[in-house]
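Hi everyone, thanks for making time. I'd like to walk you through a structure that's probably new to most of you, so have a look first and then we'll talk about what touches what.

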Amino acid sequence: MTKTLISGNKAIAQAAFDAGCDCYFSYPITPQTAIGEYLSEIMPKAGRGYVCAESEIASINMVIGAAATGAKAMTSSSSCAISLMQEGLAYAVGDELPLVLISVMRAGPGLGYIYPSQCDYDQAVTGGGNGDYRILVLAPSTVQECVDLTHKAFYLSQKYRNPVIVLSDGLLGQMMEPAEFVKYPYPEIDNSNWALTGAKGRTPRKIRSLEINEEKHNQNIQHLFDKYAQMEKAEVLYEEHNVEDADIILVAFGTMGRNIKAAMNLGRKYGIKIGTFRPVTLFPFPNKRLSELADRTKKFIVAEMNMGQMIKDVQIAINGKAQVKHIGRPAGAWLDETEILDEAKIMLGEEYAASV
Amino acid sequence: MEQSIIIAGFGGQGVLSAGIILANSFMLNDKQVTWYPCYGAEMRGGAVNCEIVVSDTEVTSVHKKETDILIALNDLSFNKFLSKVKSGGIVIANATLIEKKYPREDVKYIFENISDTARELGSIKAANMVSLGILSNICNFTDIKSIKQAIDMVLPQKIRELNYKVLDAGIKLSESCRKE
């Protein structure tokens, strides 16, 4: 199959189209506007829905409306504008609606800055909406993964009837890399037993997050958490390298996952036994595997372009079995391999550095 | 083996499209490649640059602290990015707009009249292709055939002939500095 040199943003847009996205609603914001721009060209031509909404609050609610009818619906946005969608996300979870949200992170808080960042890990993974809820979060690190994980996002959202976030960032969104546009590899999921398609000839249905009955309410929330338990069993994804003999393991998600690999390659040249671990699903988080790794390796560095967000999940997974240190900064030049390697050397200690 | 290239200049000098053409030519040679544009307020009429990383194996980090090759199309970018060039690296500089100077002794300078060459052949806007012609002579990851193929993939039909011509002129200019 031939490869195309394409940006992460456009790759996500094309992959969503290939996954059968019926409707796309969004409001432009840097650095993800190229997604909407790309879809504005191809969606109407294919007879599918494209609306440049009047606000992000409108776009997430349009997505909810479309999803309730059984359509595959998506929106995309960035940081401060995704803050505006938090109420909608909580409703979508409560309504058990499948939808895909592409989050292309820039710096924050507030209006922040248009430079790439990873400061919305917490926003995506723990969320800002109300209630007991979780959202599946997939974090690509290459343009090819932008394609593959966007496909997966549509599938998982339908499979679990839950929103899925693809967590990209401004660097991955704007950089180009060769990618293959494979056919949507997942089965279509039947939604005829819940979608609102007109009640003629059948019992009317309701989609709502409100339940005025204590017992039923608690049952509904338990049902959500049964789904999350199922996700934790079946959907965890991660990428690891050289962990078998590692004296230190570098952990990062998304684009930073590339830089820890560069640091590992550089360190291994000097005989420093570095391994890397990159969670691909941020929820469900690869707790079990990290815990296993901490049985053997006693030093972990979490590298993030933020002030320390994923580190909390790594610490929970490792549960005191190993030393965990965060390195990062809020935005600007990304931590490069020499900086990461220097931190690894400091953590390993002078004696170790002298012995290799 | 991995190599990184920064192309920098004014908006309008074809900095980003030269990078995209180069990156496509690497892809046509079955290399792994990333192209990353400079992002910020600079994009509005001022300085612009892009960074290309090419490798035989997977490209890891995209945004490097140091670069192997710098193509500087104006004085501003020469001054801004010279310090990013690795010791032993190469600087291709547009002598039409940059006064010849050699502030560092550990890099190799190739000063050529890039903008003038493009202007004489029909359009100053094609200066970017002169610089790619020069680069094709010193970079082992690509060749003139795949750059021409990449031009076909990226540029509209009506300006392709001009760009081939300017590219060839760039190769000629740099025949003194062959691939090592």
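So, the contact inside chain A: 24 residues of domain 1 of chain A meet 21 residues of domain 2 of chain A. Keep in mind that this is a predicted model.

Where are those domains in the chain? Domain 1 of chain A comes in two stretches, 4-187 and 209-234, while domain 2 covers 241-355. Their C-alpha centres are 28 Å apart.

Now, which elements build the side of domain 1 that touches domain 2, in chain A? Six elements give at least two residues each. On the strand side you've got β6 (113-116), β7 (136-138) and β8 (164-169) of chain A. The helices are α6 (121-125), α8 (170-174) and α9 (214-234) of chain A. The largest share comes from α6(A), with four residues. And what sort of residues are we looking at on that side of domain 1 of chain A? There are 17 nonpolar ones, plus three polar and four charged.

Okay, on to the other contact, the one between the chains. Here chain A puts in 21 residues and chain B puts in 17. On the chain A side, β6, α8, β9 (176-179), α10 (256-269) and α13 (337-348) each give two or more residues. Which of them gives the most? That's α10(A), with five residues. By class, the side of chain A that touches chain B has ten nonpolar, five polar and six charged residues.

One thing to look for on your screens: β6 and α8 of chain A turn up in the domain contact, and they turn up again in the contact with chain B.

Conventions: Residues are numbered from 1 along each chain as its sequence is written. Chains are lettered from A and ligands numbered from 1 in the order in which they are written. This is a predicted model: local features need pLDDT of at least 70, side-chain atom pairs count only at pLDDT 80 or more; totals for chains, interfaces and linings use all residues. Domain bounds come from an automatic or database domain assignment. Two residues are in contact if their C-beta atoms, placed from the backbone, lie within 7 Å. Ala, Val, Leu, Ile, Met, Phe, Trp, Tyr, Cys and Pro count as nonpolar, Asp, Glu, Lys and Arg as charged, and the others, Gly among them, as polar.
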